[in-house]
Amino acid sequence: MLINITKNALESIGEHGTITIRTRLQPPLLQIEDDGPGIAPEVQRRLFTPFFSTKRDGQGIGLTMIRDILLQHGFRFSLETVAERRTVFSVWLS
């Protein structure tokens, strides 16, 4: 999961972007944030749909697999653009 989300963030930011990984103890939280272009609202609604991809050669299974893994382990998560050039993938670890 971490590799896939980080890879997605790397592809989003290009050569000069930044990825920030944060953790918090209470409540337990992991966040991967990037300063790429963000996710358009119409794309946001379809991100976890099997075989949907915005990448030219994407297969559309990465985020679906991540969703299934997190749900099977009982973790709550979100992926959203929270501000211009600030997209955050959050996983609550409790």
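**Exercises on a predicted model: helix packing and overall fold**

**Exercise 1.** Describe how helix 1 and helix 3 pack, and which residues make the contact.

*Solution.* Helix 1 (residues 2-13) and helix 3 (residues 62-72) pack at an angle of about 145°, their axes lying 10 Å apart; axes are lines fitted to C-alpha atoms, for helices over the stretch in contact, and angles run from 0 to 180 degrees between N-to-C directions. The contact (heavy atoms within 4.5 Å) is formed by Asn-4, Ile-5 and Asn-8 on helix 1, together with Gly-62, Leu-63 and Ile-66 on helix 3. Sorted by class, it has three nonpolar, three polar and no charged residues, where Ala, Val, Leu, Ile, Met, Phe, Trp, Tyr, Cys and Pro count as nonpolar, Asp, Glu, Lys and Arg as charged, and the others, Gly among them, as polar.

The model is predicted, with local features requiring pLDDT of at least 70 and side-chain atom pairs pLDDT 80 or more, while totals for chains, interfaces and linings use all residues. Residues are numbered from 1 along each chain as its sequence is written, and side-chain values use heavy atoms, without hydrogens and water.

**Exercise 2.** Establish the order of the secondary structure and judge the compactness of the chain.

*Solution.* The chain contains three helices and four strands, which are DSSP runs numbered from the N terminus (helices H or I, at least four residues; strands E, at least two). Along the sequence they follow the pattern α-β-β-α-α-β-β. The radius of gyration, taken over C-alpha atoms, is 13 Å, close to the 12 Å that the globule rule (2.2 Å times the number of residues to the power 0.38) gives for 94 residues, so the chain is as compact as a globular protein of that length.
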